[in-house]
Amino acid sequence: MPRSQRPARTYTTDALTRTVRIAALVAAVAVAGWVLLLYPAMPQTVPTHFDVTGTPDAWGDKSSVLALVAVSVLLPAAMGWLSTKPRWFNLPVPVTDENAQRLYREGERMLVWLMVPMVMLFAGIALSLVGMPVAPLLWIGGAGMLVVIVVGIVRLLRAA
């Protein structure tokens with residue numbers, strides 16, 4: 001069924017999903033604010049890329065941090081907003097009148113929960129700017145993204 005003809009969303013978002021959405025957005029803004037507070041004291045050259053162990057392997061001007069701050073807030077904010085528009089989702093199964101609300105709910109949950117490891121990745125990168133170890137947050141964030149995507153797809157398939 002084309003997206004324009006899909007049923008309207010009628011379910012109510014559960015409290016946990018709403019809480020996770022808000023918490024992830026607050027955390028993203030907090031990390032961005034923390035980075036902006038540290039910005040004046042940062043060295044002129046900062047890490048801009050990391051290998052799989054979390055070790056910086058590329059460096060650039062500290063102004064690149066401003067792009068990171070923008071992305072670290074805008075991406076979770078966009079995902080949080082989009083998660084409230086499940087009718088627009090590109091779903092892996094056909095949407096019918098019978099399964100639409102279940103699919104919409106699972107799609108919303110997947111996007112909201114994906115915000116959490118994304119913010120963890122941004123926090124790990126932010127910590128690297130002040131010379132703290134980042135590998136654990138990067139690994140947990142990366143693994144978390146993979147888990148959320150796999151679990152989300154399985155739940156979408158079951159909802160169909």
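**View 1. Arg-109 and its partner Asp-14.** At 22% relative accessibility in this predicted model, Arg-109 counts as partly exposed, because buried would require under 20%. Arg-109 pairs up with Asp-14 in a salt bridge, with 3.4 Å between the closest N and O atoms. Arg-109 belongs to helix H3 while Asp-14 sits in the segment before H1, so this pair ties together parts that are 95 residues apart in sequence. Asp-14 is partly exposed too, with a relative accessible area of 25%.

**View 2. Arg-155 meets Glu-106.** Here a salt bridge joins the two side chains, at 2.6 Å from N to O. It's another link between distant parts of the chain: Arg-155 comes from helix H4 and Glu-106 from helix H3, 49 residues apart. Arg-155 counts as partly exposed, at 38% relative accessibility, whereas Glu-106, at 11%, counts as buried. Zoom out a little and salt bridges with shared partners join Asp-14, Glu-106, Arg-109 and Arg-155 into one network.

**View 3. The Glu-108 and Arg-21 pair.** Are these two charged residues buried or exposed? Both Glu-108 and Arg-21 turn out to be buried. They form a salt bridge whose closest N and O atoms are 2.5 Å apart. Glu-108 is in helix H3 and Arg-21 in helix H1, so to speak a link between distant parts of the chain, 87 residues apart. As for the full tally, the structure holds four salt bridges.

**View 4. Ala-24 up against its contacts.** Ala-24 lies in helix H1 and, at 4% relative accessibility, counts as buried. Set aside residues up to four places away in sequence, and Ala-24 touches Met-115, Val-116 and Val-119. Met-118 is worth a look as well: its C-alpha atom is 8.9 Å from that of Ala-24, although the two are 94 residues apart along the chain.

**View 5. Helix H2 and its buried side.** H2 covers residues 64-82, and at 1.5 Å a residue its 19 residues should span 27 Å; the C-alpha atoms at its ends are 27 Å apart, which agrees. Which residues of H2 are buried? They are Val-65, Leu-68, Val-69, Ser-72, Pro-76, Met-79 and Gly-80. These residues cover an arc of only 130° around the axis, which puts them on the same side of H2. That fits the general pattern: an α-helix has 3.6 residues a turn, so residues three or four places apart point the same way. The buried residues of H2 pack against helices H1 (15-38) and H3 (100-128), plus strands E1 (45-50) and E2 (56-61).

**View 6. The largest nonpolar core, with Val-35 picked out.** This core has 30 residues, and Val-35, Val-65, Leu-103 and Leu-129 have the most contacts inside it. H1, H2, H3 and helix H4 (135-159) are the elements that give two or more residues to this core. Which element gives the most? That's H3, with ten residues. Now for Val-35 itself: leaving out neighbours within four places in sequence, Val-35 is in contact with Met-42, Val-65, Val-69, Ala-126 and Leu-129. Two of those contacts, Val-65 and Val-69, are also among the buried residues of H2.

Notes: Residues are numbered from 1 along each chain as its sequence is written. This is a predicted model: local features need pLDDT of at least 70, side-chain atom pairs count only at pLDDT 80 or more; totals for chains, interfaces and linings use all residues. Side-chain values use heavy atoms; hydrogens and water are left out. Helices (H or I, at least four residues) and strands (E, at least two) are DSSP runs, numbered from the N terminus. The expected span of a helix is 1.5 Å times one less than its number of residues. Buried means under 20% relative accessible area, exposed over 50%, partly exposed in between (1.4 Å probe, protein chains only). The arc is that of the directions from the helix axis to the C-beta atoms. Contact means heavy atoms within 4.5 Å. A nonpolar core is a set of buried Ala, Val, Leu, Ile, Met, Phe, Trp, Tyr and Cys residues joined through side-chain atoms within 4.5 Å.
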